[in-house]
Amino acid sequence: MFNKHIFRYLVMVFISLIMLTGCAGLADYSLDLPGNYSIVRTSAHQVKVAPKISESHWGSDVIPTKVTEVAWDDNYILAKQLGLVNDPKSSNGYQIPNNDDVHFWILEIKSGEVFGPLDEVNFVEKKNEFDISESVILKKIEDLK
């Protein structure tokens, strides 16, 4: 027979676990890229590329939020980025991705020079200008984790 105190304790532990798994911060992460850069996710739509300063600190973003796809080789990091727009269903300024506001970026790893935002035509032209192989294909960030 369960003691009343043990039962209460187990219920509290269970509720605490449920609350913790619902916290957005638990889904935050970073993925290392070449040249000391990282993909940094601090919330569902705050996903950017930034230089890595230490194991848990990053500099200012070099490719702004929301980065949805990336690719890289030894010389360049490529990214697809969606702009954000205020969510019409929210009155607190919450922003969601705008699928009509698509930009592409190219980061030269060695120099740190960033080219973008680019539309798709200019992105393809820059890739050709920099002689980036066609095998360097953008992949969804979720598929890289």
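Does Glu129 count as buried or exposed, and what is its relative accessibility? At 55% relative accessibility, Glu129 counts as exposed. This residue belongs to a predicted model, and the paragraphs below go through that model from its overall layout to single residues.

The protein contains two helices and nine strands. Along the sequence these elements follow the pattern α-β-β-β-β-β-β-β-β-α-β. Of the 145 residues, 31% count as buried. Among contacts with a separation of 6 or more, 37% are between residues 24 or more positions apart.

One open sheet is made of four strands in the order 1-2-3-4, with antiparallel pairing. Its edge strands are strand 1 and strand 4 (57-58), each of which pairs on one side only. Strand 4 is joined to strand 3 by two bridges, and the two run antiparallel. At this pairing, Lys52 stands opposite Trp58 in strand 4.

Lys52 also takes part in a salt bridge: its side chain meets that of Asp32, at 2.9 Å from N to O. The pair links distant parts of the chain, since Asp32 is in strand 1 and Lys52 in strand 3 (residues 46-54), 20 residues apart. Lys52 is buried because its relative accessible area, 14%, is under the 20% cut-off.

A salt bridge also joins the side chains of Arg41 and Asp28, at 3.9 Å from N to O. Arg41 lies in strand 2 (residues 37-43), while Asp28 lies in the loop between helix 1 (4-21) and strand 1 (29-33), so the pair ties together parts that are 13 residues apart in sequence. The two partners differ in how they are classed: Arg41 is buried, with a relative accessible area of 16%, whereas Asp28 is partly exposed, at 29%.

The other open sheet has five strands in the order 8-7-6-5-9, and here too the pairing is antiparallel. Strand 8 (114-118) and strand 9 (139-140) are the edge strands, each pairing on one side only. Inside this order, strand 6 (residues 76-86) and strand 7 (residues 95-108) run antiparallel and are joined by 11 bridges.

Val85 offers a view of this pairing from a single position. It is placed in strand 6 and stands opposite Ile96 in strand 7. Leaving aside neighbours within four places in sequence, Val85 is in contact with Tyr94, Gln95, Ile96, Pro97 and Asn98. Val85 and Pro97 are 12 residues apart along the chain, and their C-alpha atoms are separated by 6.3 Å. With a relative accessibility of 36%, Val85 counts as partly exposed.

Asp87 lies in the loop between strand 6 and strand 7. What is the nearest side chain of opposite charge to Asp87? It is Lys89, 5.9 Å away, and Asp87 is buried yet has no salt bridge. The reason is the cut-off: a salt bridge needs a side-chain nitrogen of Lys or Arg within 4 Å of a carboxyl oxygen of Asp or Glu. The backbone of Lys89 gives another distance, because its nitrogen lies 2.9 Å from a polar atom of the Asp87 side chain, and a polar contact is a pair of N or O atoms within 3.5 Å. Not counting residues up to four places away in sequence, Asp87 touches Tyr94, Gln95 and Ile96.

On its other side in the sheet order, strand 7 comes next to strand 8. These two strands pair in the antiparallel sense over three bridges. Phe104 has Leu118 in strand 8 as its bridge partner. Strand 7 and strand 8 form a hairpin with five residues between them, and Gly112 in the turn has a positive phi of about 80°.

Helix 2 (residues 120-129) lies across strand 6, strand 7 and strand 8, and runs at about 15° to strand 7. Within helix 2 we return to Glu129. Its side chain meets that of Lys126 in a salt bridge, at 3.6 Å from N to O. Being three residues apart in helix 2, Lys126 and Glu129 are separated by about one helical turn. In total, the count of salt bridges comes to four, including the pairs Asp32 and Lys52, Arg41 and Asp28, and Lys126 and Glu129.

Terms used: Residues numbered from 1 in each chain as written. Predicted model: local features only at pLDDT ≥ 70, side-chain atom pairs only at ≥ 80, totals over all residues. Heavy atoms only, no water. Pairing = 2+ DSSP bridges. Contact = heavy atoms within 4.5 Å. Axes fitted to C-alpha atoms, helices over the stretch in contact; angles between N-to-C directions. Buried < 20%, exposed > 50% of the residue type's maximum accessible area, 1.4 Å probe, protein only. Lys, Arg positive; Asp, Glu negative; His and termini not counted. Polar contact = N/O pair within 3.5 Å; in protein donor to acceptor, adjacent residues only side chain to side chain.
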